Amino acid sequence: DGARLTAAAGTGTILLPPSQGWSMMKAAARRLFGMAVVIAAVSAAASAAEFPIVNTTEDDDVQGIAFDGTNFLVSFQKRSPGALVGAKLVSPAGAVLATVTAPIGDPPDLAFGATNYLLAWAEFSNYPNSTARGLLVNLSGAAVGSPFLVSQSNKLDGVDGVAFDGTNYLVVWTDQRRVVDPPQPGDRDVYGRFISAAGVPVGNEFKISGAAGKRASVAFAAPNYLVAWNEDVADQQVYAAFVTPAGVVGTEFTVNGSAASSENPLRVATDGTNFLVAFPDFVGGANDWDLFAQRVSPAGALLGGVIPLATAPGAQFFPFIAFDGANYLVTWTDLSGDTNADFVCDTGEGLCVDLHGQFVRADGTLVGENTWLTPDAGFQAKGPIAFGAGKYLLAWVDRPPAAASGDVTGTFIPVDFISKDAFESGTAGAWSAVAMDGGDLGINASAPLEGLYDLKGVVNDTNSLYVEDHTPLNEDHYRARFRLNPSAFDPGEAQNHFRTRVLVGFEEAPTRRLLAVVLKRQGGQYSLMARSREDSNAQVSTAFHDVSGAPHTVEVEWKRATSPSSGDGELRLWIDGTLQQTLTGLQNNRSSVDFARLGALSVKDAASGTLWWDDFESRRASYIGP
């Protein structure tokens, strides 16, 4: 069957046969897609930036992404009938260019080599007697030859990873040739085999783990591969070993020796020199899986301490990693909103199953904070990711509410991403805090600005209405873009109150306003202005630029001065994609942006009416663009 998942509870495993529903199992398992068939939630649609990759009438799964220098290849599984496996060639514009398929199996892992990709998967045509097969795919997304045997073993638990060393590929898998009936702790092993760039097995398959192991991952940085895995006795330790391109397995060493269970899948990536191993630990409590990482040197030394990637209550697990030349982006499936951990989006759970992410510098420093990557309603899980063409491609298993089946959806993530929310979850769950004022601010489904939902604020007193984003972290260069419709709002003209802030960026501890977008209405004419606070607490502002009482796209860019005396801070304002004004020479070195509020802020007496917001996005470093 091939579709398997380690349960979020620390004691069990979930298995989903093709023709059956959920059943709890005690044996270990590894595939995540099974969750997708049971999700139920309020209705919503994917945001416009998301695009379909695999959208058959059956349940679809995804496992890996690789980049060939021009396009991406995304591996998938069509679960029934026959559990067809294959891959889609995707352009940097999000167009699906070609499809290649092969018969029955788990969704493939993959890597790009010299001229072709290698797909490798566990074939379950004779389940439970399972083997590993491979298939080369060329740059046009077409099969090169036919599927071939990777392993002579017919006792695979699943192919775990593929990497390329410049000459050959290394395929690693969890092997059950020592498994007895009933299975016992410590009876599984990690094996590997080289495959040439021409798709020919090289040498014999060989054991990589020491006493026992399972759920491996592999990455190559010259001169060696690093293979990491979960130990298979107490399911606690994370082990690793280097493998040379000649097949020599180095001494096994401990990556993480925590006593907490680590039996969910882990992931290895490299920056070209060092490696990053991301792994889950069951820290206790109610289904509380946290996600950590450890840097490893080419000599096998642990660099720095354990890096806490995601430690919110609930389950954060099943990581994927890509490196962009400066930072890693680690993605994972987050169930922190699934309060009863039943993998079902129950009423009131909001963003129950979603993908989150965290940027990590090559030196192990966290960049920003955890953020939602798919703040949509329904079920989004797995999240393989690859970097290419200056951006990341993220793909996931996507099951919108009331959908008959799950599909594979993709989106591109810029390297300077901080956060986004198009409110398509039907909740404000992607935000760190909210000020709804008894329901005056809320998610709106009646004639929204975009999609199925937007954010609507009804102003009837002087209380501020806002959603608050904590994902910025000491940002010296912050930009935000959003949609705004002011058409039914009066800031209080009758009492000579003309202005209301609609976006504010703050420093925390102490709280200090650093930048703002200000909406003005005077004589019935709306206009917008951007403002920055200088170190002296004086404020500098653009002019007000007239806009109509209709939806507009607003973008602001704020840049901190490089030193207390440099005076090289900047502020820019765009409206509907057109640069309206640039302020330079700002002396604003004192603070950096730590959080932002979107809404109706600093509301004055006699203000009344309605405002709408939508499609919020924030980034660091450079201009977002129209």
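User: Let's start with Arg-178: how exposed is Arg-178, and what is the scale?

Analyst: The scale first: buried means under 20% relative accessible area, exposed over 50%, and partly exposed in between, with a 1.4 Å probe and protein chains only. Arg-178 counts as partly exposed because its relative accessibility is 37%. Bear in mind that this is a predicted model, where local features need pLDDT of at least 70, side-chain atom pairs count only at pLDDT 80 or more, and totals for chains, interfaces and linings use all residues. Residues are numbered from 1 along each chain as its sequence is written, and side-chain values use heavy atoms, with hydrogens and water left out.

User: Where does Arg-178 sit, and which residues does Arg-178 contact beyond its sequence neighbours?

Analyst: Helices (H or I, at least four residues) and strands (E, at least two) are DSSP runs, numbered from the N terminus. Arg-178 is in the loop between strand 14 and strand 15. Contact means heavy atoms within 4.5 Å. Leaving aside neighbours within four places in sequence, the contacts of Arg-178 include Gly-186, Asp-187 and Ala-211. Another is Asp-189, whose side chain makes a polar contact of 2.7 Å with that of Arg-178. For that term, think of a pair of N or O atoms within 3.5 Å; within protein, one must be able to donate a hydrogen and the other to accept it, and residues adjacent in sequence count only if both atoms are side-chain atoms.

User: And how do I read the sheet around that loop?

Analyst: Strands of a sheet pair through backbone hydrogen bonds, either parallel or antiparallel. Two strands pair if DSSP finds at least two bridges between them. Here 4 strands form an open sheet in the order 13-14-15-16, with antiparallel pairing. Strand 13 (156–164) and strand 16 (201–207) are the edges, each pairing on one side only. Strand 14 (residues 168–175) and strand 15 (residues 189–196) pair over 8 bridges, with Asp-175 opposite Asp-189.

User: What backbone oddities should I look at?

Analyst: Most residues other than glycine have a negative phi, and most peptide bonds are trans. Against that, Ala-222 to Pro-223 is cis, omega near 15 degrees, and Ala-509 to Pro-510 is cis with omega about 0 degrees. Ser-602 has a positive phi near 55 degrees, and the phi of Ala-606 is positive too, about 75 degrees. Ser-602 lies in the loop between strand 47 (595–601) and strand 48 (608–620), as does Ala-606, between strand 47 and strand 48.
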